[in-house]
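Welcome! Let us take a walk through this structure together, beginning with one residue and then stepping back to see the whole.

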Amino acid sequence: MVAWIAAMPEPIDFRTDDDFTASIWISPEAIGTMLNAASKAGRRETGGILIGRYGPEGWSADVVEATPKPKGSRSGRCWFQRSSFGLADLLERRWGEGLHYLGEWHFHPGNAPTPSNPDIRAMRRVASDEAYRCPAPILVILGGSPKYEWRLSATLFRDDRVVTMKQHSLE
Ligand SMILES: [Zn+2]
């Protein structure tokens, strides 16, 4: 039985307020997709890519969409290997709507949403791989349990820095 998340979650805003100002907004739809994918994945990791747009001022990004895992992805309790199946076509369609690849997300079942060393290495490879056309990718990690207590983290990889974003109240 798959427990679908019935209620639409609230959007989540992440910020950093030192000399390096950045913000990341995550849509309710993207959060809902991640929660549902994690519910289905149970005790295994799962993940996908983040799609959205950059804001007009400073460094800000709106994550409009998170995809479920592409076909052919592999996973275990503490690892996830995302396939690229179908993503080029999807990104081409989204590009027509003004939306781009922004980064990656994955689920840490029952664990904290803290990026592991392999997570950080993988995102640095994305940042330096010209095929992604994304020099400052975002990593969103969903931790805990999607049915009970879950938490999201957002980390920005930019200019060789690993920037841990803080959840910001929208009120
Ligand atoms: Zn991880």
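A good place to start is Trp105, which counts as buried because it has 29 C-beta neighbours inside 10 Å. Here a residue is called buried if 20 or more other C-beta atoms lie within 10 Å of its own, exposed if 12 or fewer, and partly exposed in between, with C-beta atoms placed from the backbone. Before going on, please keep in mind that this is a predicted model, in which local features need pLDDT of at least 70, side-chain atom pairs count only at pLDDT 80 or more, and totals for chains, interfaces and linings use all residues. Residues are numbered from 1 along each chain as its sequence is written.

Trp105 has its place in strand β7. Strands (E, at least two residues) and helices (H or I, at least four) are DSSP runs, numbered from the N terminus. Which residues does Trp105 touch, leaving aside its neighbours within four places in sequence? Its contacts are Met34, Gly47, Gly48, Leu50, Ala66, Val140, Ile141 and Leu142, where contact means that the C-beta atoms, placed from the backbone, lie within 7 Å.

Now let us follow β7 into its sheet. Nine strands form an open sheet with mixed pairing, in the order β10-β9-β8-β7-β3-β4-β2-β1-β11; two strands pair if DSSP finds at least two bridges between them. The edges belong to β10 (161-164) and β11 (166-168), each with a single partner strand, so one side of each is left without a neighbour in the sheet. From one strand to the next, the twist averages 30 degrees. Axes are lines fitted to C-alpha atoms, for helices over the stretch in contact, and angles run from 0 to 180 degrees between N-to-C directions.

At the β11 edge, strand β1 (residues 12-16) runs antiparallel to β11 and is joined to it by three bridges. Phe14 stands opposite Gln167 in β11.

What lies across the strands? Helix α1 (residues 28-41) lies across β1, β2 (22-26), β4 (59-66), β7 (100-109), β8 (138-144) and β9 (150-158), and runs at about 50 degrees to β4.

Stepping back, the protein has three helices and 11 strands. Its radius of gyration, taken over C-alpha atoms, is 15 Å, close to the 16 Å that the globule rule gives for 171 residues, so the protein is as compact as a globular protein of that length; the rule is 2.2 Å times the number of residues to the power 0.38. Buried residues, Trp105 among them, make up 31% of the 171 residues.

Note on methods: Two residues are in contact if their C-beta atoms, placed from the backbone, lie within 7 Å.
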